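Let's take a stroll through a protein model together, starting with one small piece and then stepping back to see the whole chain. Keep the picture open while you read.

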Amino acid sequence: MTMEYYVRLFKLICLRLLARFGFWLFNRNEPSPSFSNRVKCHSSNREIELLFYVPKDYEAQISKGKKYPVVLNFHGGGFCLGRATDDTRWGRIVMEETDAVFVSVEYGLAPELPYPVAVDDGVDALLYLDRKKESLGLNGKFTLTGFSAGGNLSLTIPLRLTHRLKSEKQVSGVWKDSKIVSIVAWYPSVDKTISREEKKKHAVRPDKCMSPVLTNLFDPSYAQPHERSSPFCSPAKASDKEIQESFPDDIQLILCEWDMLMHEGREYAKRLQKLRKNVDYQVIKEVVHAWDKTVREPRMIREVESLYREVCGKLRLVLHED
């Protein structure tokens, strides 16, 4: 490892501590996980933790034979920061509005665990929930959700899952009665082959874009230049055939007007629509990237929660469709 790597790692560790404190304040009135399970990783001796948030009457209902759909979530943080507890507010509203089990993944962070670890961790989480669906009271219907880097994962994991199921005999027989029925991606990065400078040229408000202080830490930590053209890193690079094979019909994309990722997200949504996917995308006016994670005023919190409930209203229809 180079000195540059260790300097970058030190800076990221400091940012992780600050982010952890910030999200503790942000989520201090939100529910704690109902329980957690550890999952052995497919390609290493590591384990990842899955945090489960379940409806209040979950135990009583599954004892009566009820089966729940799953919303599997991936936090943001440039693939370098964040924890599975960061999106607890979103998880609470998902439970309230959709009657689903919300599972948040503690995936591996770069630079210690660079690409494709996070994507593979997501596939491992899906396959674990598929294997354990009977004991956990799950019905095999999955929605993938995520914010920023997690939004990228919600789009790359279906592609990686299809690849693994095709190429590795040891998982044959798995995933027969399970299905990804929808994706909800919040302000995702979809094309990592485009430079930040180029992305900024398309931004409505370049002065409101994410600081290079952060992006210069995130980008080289997660994926090397030659890796960024893989569809498992940049979902925009997936072929039409790969998208048709891997993606569900129903997809929601929520973009931020003042985000440098807005343009590529909108173009991606249009492409998915041309492939006859039922894409519901919206651009939230006059907000920056990850604005919903920084609001403090009661009025703004109510607006964010209202948007979360609107998205969940559409999600519920898909999860409970016969």
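How many of the 7 residues of strand 2 (residues 47-53) are buried? The count is 5, so-called "mostly covered" territory for this strand. One thing to keep in mind as we go: this is a predicted model.

**Strand 2 and its partners**

Strand 2 has company on the strand level. It pairs with strand 1 (residues 35-40) in the antiparallel sense, over 6 bridges. A hairpin of 6 residues takes you from strand 1 into strand 2. If you want a spot to look for in the viewer, find Ser 36, which stands opposite Leu 51 of strand 2.

Strand 2 also pairs with strand 4 (residues 101-106), again running antiparallel, and here 5 bridges hold the link. Look for Glu 49 this time: its bridge partner in strand 4 is Glu 106. Here are the two pairings side by side:

| Pairing | Sense | Bridges | An opposite pair |
|---|---|---|---|
| Strand 1 with strand 2 | antiparallel | 6 bridges | Ser 36 and Leu 51 |
| Strand 2 with strand 4 | antiparallel | 5 bridges | Glu 49 and Glu 106 |

While you're looking at strands, here's a handy rule: in a regular strand the side chains alternate between the two faces of the sheet.

**A helix tucked inside**

Now move to helix 3 (residues 88-98). Why can we call it largely enclosed by the rest of the structure? Because 9 of its 11 residues are buried. Among the buried ones are Trp 90, Ile 93, Val 94 and Met 95, and the list also includes Arg 89 and Arg 92. Just after helix 3 comes Asp 99, with a positive phi of about 55°.

**Stepping back**

Time to zoom out. The chain has 11 helices and 8 strands. Its C-alpha trace spans about 55 × 50 × 40 Å along the principal axes. For 322 residues, a compact globule would have a radius of gyration near 20 Å, and the chain's 19 Å agrees with that.

What share of the 322 residues counts as buried? It's 55%. On the outside, the accessible surface comes to about 14800 Å², and carbon and sulfur atoms own 52% of it.

The chain also folds back on itself a lot when you look at contacts: of those between residues at least 6 apart in sequence, 80% join residues at least 24 apart. Finally, take the charges: there are 49 positive and 44 negative ones, and their mean positions lie 1 Å apart.

Conventions:
Residues numbered from 1 in each chain as written. Predicted model: local features only at pLDDT ≥ 70, side-chain atom pairs only at ≥ 80, totals over all residues. Heavy atoms only, no water. Buried < 20%, exposed > 50% of the residue type's maximum accessible area, 1.4 Å probe, protein only. Helix = DSSP H or I, 4+ residues; strand = E, 2+ residues; numbered from the N terminus. Pairing = 2+ DSSP bridges. Rg over C-alpha atoms; globule rule 2.2 N^0.38 Å. Contact = heavy atoms within 4.5 Å. Areas by Shrake-Rupley, 256 points an atom, 1.4 Å probe, with all protein chains shown as cover. Lys, Arg positive; Asp, Glu negative; His and termini not counted. Charge placed at Lys NZ, Arg CZ, Asp CG, Glu CD.
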